[in-house]
Amino acid sequence: MQLCLRRWASCKAFPVVVGTQTWEQYYFCRSELEFRMESGRPQDFICKAISGHTGMIEQLAYVSPHEYRFDEGARSVVCTVSSDCTVRAWDLQEGSEIWSSAVQPAPLVNVVAYPQLQLVVTVDTQGLIMGWKAETGSQWASFSLPASCSSMEACDHPEGPFLLVACDEGTLYTMTVPQLQVVSRIAAFPHSSVSLTCSPDTQWVFVSAQGSDLGPKVFYTQPLLHLSEDRLPVSTTLPIRRGSRACWAPDEAARLMVIHRDDGGVRLVITTFELKATKSRDRVSILAQQLASFHLPDTMTPHLMQGHGSQTILLTSRSELVLFTIHGLQLMAFQDHQRPITSMWVDPDRVITAALDLSLRVYVWNKKNTSPVLKSCYHLLGGSHRWASGFTHVKSDSRSIAGVEARSTGTSILRSYCFKVKLG
């Protein structure tokens, strides 16, 4: 048990499932699995092409309830939404469909999951939010937005799970889960399409207006969950212009990194803020302290951004993956793809990129070093270039990788790579 807790911090949040395995079994199974996912030998995994949707897969989400369980009952399950107006669940190990919804009134564009509750939430192009039971596909709640949805995130808060939704008219909604009842409605940026990203501990929400000169805002989530006439939303506007993308530092829940334009509106800058909520009597205010700032090279056109640890920023620029510290020191750069990167998955163990060259690239963090070191390991290839136009999405859990492979016919398939584990 002590070996597991020292090696994997996730064991504290997701303990060994009682009655399924001992700590010794867990240690050896997970160690072997990590070795196989790092080596990527053909004999270490099984690749399956899973078809069923008749349109493009717009998003996917893992709903496996026990990610670090290694007995016979363990399996990787994902849900996908598509332009064919259906949501479907898939068993990646079996390469089979578990269930499919009836055809919905409009194409579905996003899905988020609550694995511990075995629930998924979808939204369509008209702004209809639907809740589904992940095991059976039965509907359990719904809510209609007044405009189409621009962003949606699932949040696990100490007071209970909730859903954050932003719509194209600039309003931020906070909803209970599983009821999908609105507890707060905030006009964050009126008449603007809004994007949002929630901090790892769900205490903060970054909200920005796309294509606007207005500075992005950070909301404190606690008041959003208990909004009333005498409890107004608590937010602050960051002192930057044209903020385009942002990410959080996983190991520092109140640390936010934002890409924005400099004062001249020409060059791209990444600024890091440390957030703090201060209380005085009955009033709460937010202090956003700038920790660091640096200009990006003029040759970079970043389109994806993720954080790692407390000091590391990962950016993709066309076909390149680049790592910086929050102070602007370039740590590493990889040019493993031949065509633009379309999606990036980052977790404490690995990084996976998907690209239009019809490949996934797997990288592994070297945890023996004090400073972040990323090792480029291997490619996972998709199907034939004759029928496919590249990967558009990638996500992963502890034992599998799921990629969405776009076809030249205007449809998508799910391609899974499940790594073998010797049980016992």
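What follows is a short back-and-forth about a predicted model and the reasons behind the labels put on it.

User: What makes this chain count as compact?
Analyst: Its radius of gyration is 21 Å, close to the 22 Å that the globule rule gives for 424 residues, so the chain is as compact as a globular protein of that length. Along the principal axes, the C-alpha trace spans about 60 × 50 × 50 Å.

User: And what is the chain built from?
Analyst: 4 helices and 32 strands. Of the contacts with a separation of 6 or more, 47% are between residues 24 or more positions apart.

User: How much of the chain is buried, and what does that label take?
Analyst: Buried residues make up 52% of the 424. The label takes a relative accessible area under 20%. As for the surface, the chain exposes about 18900 Å², with carbon and sulfur atoms supplying 49% of it.

User: How do the charges add up?
Analyst: There are 38 positive and 38 negative side chains, and the centres of the two sets lie 4 Å apart.

User: How do you know what span to expect of helix α3?
Analyst: The yardstick is 1.5 Å a residue, which gives 24 Å for α3. Residues 23-39 make up this helix, 17 in number, and they reach 24 Å from the first C-alpha to the last, close to that expectation.

User: Which residues of α3 are buried, and what follows the helix?
Analyst: The buried set is Y26, C29, R30, S31, L33, E34, R36 and M37. Next after α3 comes G40, with a positive phi near 65°.

User: Why is R350 called buried?
Analyst: Its relative accessibility is 5%, and the cut-off for buried is under 20%, so R350 counts as buried. R350 sits in strand β27, residues 350-355.

User: What does R350 touch?
Analyst: Setting aside neighbours within four places in sequence, R350 is in contact with M37, W345, Y363, V364, W365, S396, D397 and S398. M37 is one of the buried residues of α3.

User: Why is H53 called buried?
Analyst: H53 has a relative accessible area of 7%, and buried means under 20%, so H53 gets the label. H53 belongs to the loop between β1 (45-50) and β2 (57-62).

User: What lies around H53?
Analyst: Not counting residues up to four places away in sequence, H53 touches T80, S82, D84, T86, R88, W90 and S412. There's also C85, 32 residues from H53 along the chain, with 9.2 Å between the two C-alpha atoms.

User: What makes T202 worth a look, and is T202 buried or exposed?
Analyst: The phi of T202 is near 60°, a positive value in a residue other than glycine. T202 lies in the loop between β14 (194-198) and β15 (204-209). With a relative accessible area of 5%, set against the under-20% cut-off, T202 is buried.

User: Why is R318 called partly exposed?
Analyst: R318 has a relative accessible area of 44%. Buried needs under 20% and exposed needs over 50%, so with 44% R318 is partly exposed. R318 is not a glycine, yet its phi is positive, about 55°. You'll find R318 in the loop between β23 (312-317) and β24 (320-325).

User: Where is there a cis peptide bond, and what is its omega?
Analyst: The bond joins V177 and P178, with omega about 15°. P178 is in the loop between β12 (171-176) and β13 (182-187).

Technical notes: Residues are numbered from 1 along each chain as its sequence is written. This is a predicted model: local features need pLDDT of at least 70, side-chain atom pairs count only at pLDDT 80 or more; totals for chains, interfaces and linings use all residues. Side-chain values use heavy atoms; hydrogens and water are left out. Helices (H or I, at least four residues) and strands (E, at least two) are DSSP runs, numbered from the N terminus. The radius of gyration is taken over C-alpha atoms; the globule rule is 2.2 Å times the number of residues to the power 0.38. Buried means under 20% relative accessible area, exposed over 50%, partly exposed in between (1.4 Å probe, protein chains only). Contact means heavy atoms within 4.5 Å. Accessible areas come from the Shrake-Rupley method with a 1.4 Å probe; for residues, only the protein chains shown count as cover. Lys and Arg count as positive and Asp and Glu as negative; His and the chain ends are not counted. The place of a charge is taken as NZ of Lys, CZ of Arg, CG of Asp or CD of Glu. The expected span of a helix is 1.5 Å times one less than its number of residues.
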